[in-house]
Amino acid sequence: MRWLGLGAALLAVGCGPTPAAEYGEELFNDPTLSTSQYNTFSCATCHATTATPPSDTMYSGLSLHNVASRPHWWGGYETRLLDAVNFCYTAFMRGVTPLAPEDPKSRALYEYLVSLSPDASAPAQPFTLVKDITDVPRGNRQRGEVVYRAACQDCHGEAHTGKGRPSELAPILPEVSQEYGTLFPNVPPGLVFIEKVRHGRFFGVGGNMPPYSREALSDEDLGALLTFLDL
């Protein structure tokens with residue numbers, strides 16, 4: 001468990017004798033962990049915490065069960081847990097300054113992640129990023145609607161209206177594709193959408209959207225989603 005050497009329990013963080021792991025759980029679920037006025041994400045937006053994620057949600061991030069026991073994160077891109085957390089914090093939650101190891105919030109998050117890691121060691125989780133974007137076969141429209149609700153609706157709201165989206169910064173799908181012709185001339189709208197889904201902020205595109213790996217969203221489900229969105 002590597003958090004720049006931090007492993008001691010912090011039993012009183014903030015006001016009162018709140019156990020560190022409990023405070024860390026609060027932070028995990030709180031979008032205001034990042035002070036950016038443009039952020040609507042919490043850690044819980046993208047990550048389940050159970051060994052088996054819920055069937056009705058397709059998280060962009062992997063489950064954090066046993067996360068502190070893994071040898072590396074982000075498919076091997078990060079080898080320290082705090083660096084992996086800070087990648088999310090700065091890239092997707094728009095945090096300006098990375099969390100420092102001595103920050104009480106940082107230490108509390110660590111204790112919470114340790115509490116999700118009952119095994120002394122756990123294998124790294126597969127995380128396959130699609131580097132070179134290509135089109136995918138279109139799929140079943142009904143399946144695409146299920147995928148939309150599970151993967152897209154929490155951030156983008158209902159299809160065509162955006163109803164229920166937490167921020168107007170999240171574009172309405174698929175209507176935003178009407179802008180693609182101007183922003184990405186001579187590129188098919190479906191291919192632009194695939195890039196935003198597969199690359200997101202990880203490759204510097206897609207606003208602050210996290211990327212969907214092949215483990216999180218298969219090409220088959222992506223193709224069904226494109227059919228549902230008429231892209």
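**Ring pairs and salt bridges**

Biologist: Is Glu145 buried, partly exposed or exposed?

Modeller: Bear in mind that this is a predicted model. Glu145 has a relative accessibility of 30%. Buried would need under 20% and exposed over 50%, so Glu145 counts as partly exposed.

Biologist: And how far along helix α5 are Glu145 and Arg149 from each other, in helical turns?

Modeller: These two form a salt bridge, with their closest N and O atoms 2.8 Å apart. Arg149 is exposed, at 52% relative accessibility. The two residues are 4 apart in helix α5, so the separation is about one helical turn.

Biologist: Which residues are joined into one network by salt bridges that share partners?

Modeller: A search of the whole structure turns up 7 salt bridges. Some of them share partners, and the residues joined that way into one network are Arg198, Arg214 and Asp219.

Biologist: How many residues apart in sequence are the parts that Arg141 and Asp230 tie together?

Modeller: The side chains of Arg141 and Asp230 meet in a salt bridge, 2.8 Å from N to O. Arg141 sits in helix α5, while Asp230 is in the segment after α8 (219–228), so the parts tied together are 89 residues apart.

Biologist: What about Asp221 and Arg143: which helices does that pair tie together?

Modeller: Here too the side chains meet in a salt bridge, 2.8 Å from N to O. Asp221 is buried at 11% relative accessible area, whereas Arg143 is partly exposed at 36%. Since Asp221 lies in one helix and Arg143 in another, 78 residues away in sequence, the helices tied together are α8 and α5.

Biologist: Over to the rings. Is the pair of Trp74 and Phe127 stacked, tilted or edge-to-face?

Modeller: There are 7 aromatic pairs by the rule used. In this one the ring centres are 5.2 Å apart and the planes stand at 85 degrees. Planes over 60 degrees apart meet the cut-off, so the pair is edge-to-face.

Biologist: How many residues apart in sequence are the parts that this pair ties together?

Modeller: Trp74 is in the loop between α2 (43–46) and α3 (81–91), and Phe127 is in the loop between α4 (104–115) and α5 (141–156), so the parts are 53 residues apart. Both residues are buried, and the separation asked for is 53 residues.

Biologist: Which residues form one aromatic cluster?

Modeller: Trp74 and Phe127 are two of its members. The full cluster is Trp74, Phe87, Phe92 and Phe127.

How values were computed. Residues numbered from 1 in each chain as written. Predicted model: local features only at pLDDT ≥ 70, side-chain atom pairs only at ≥ 80, totals over all residues. Heavy atoms only, no water. Phe/Tyr/Trp six-rings, centres within 6.5 Å; stacked < 30°, edge-to-face > 60°. Buried < 20%, exposed > 50% of the residue type's maximum accessible area, 1.4 Å probe, protein only. Salt bridge = Lys/Arg side-chain N within 4 Å of Asp/Glu carboxyl O.
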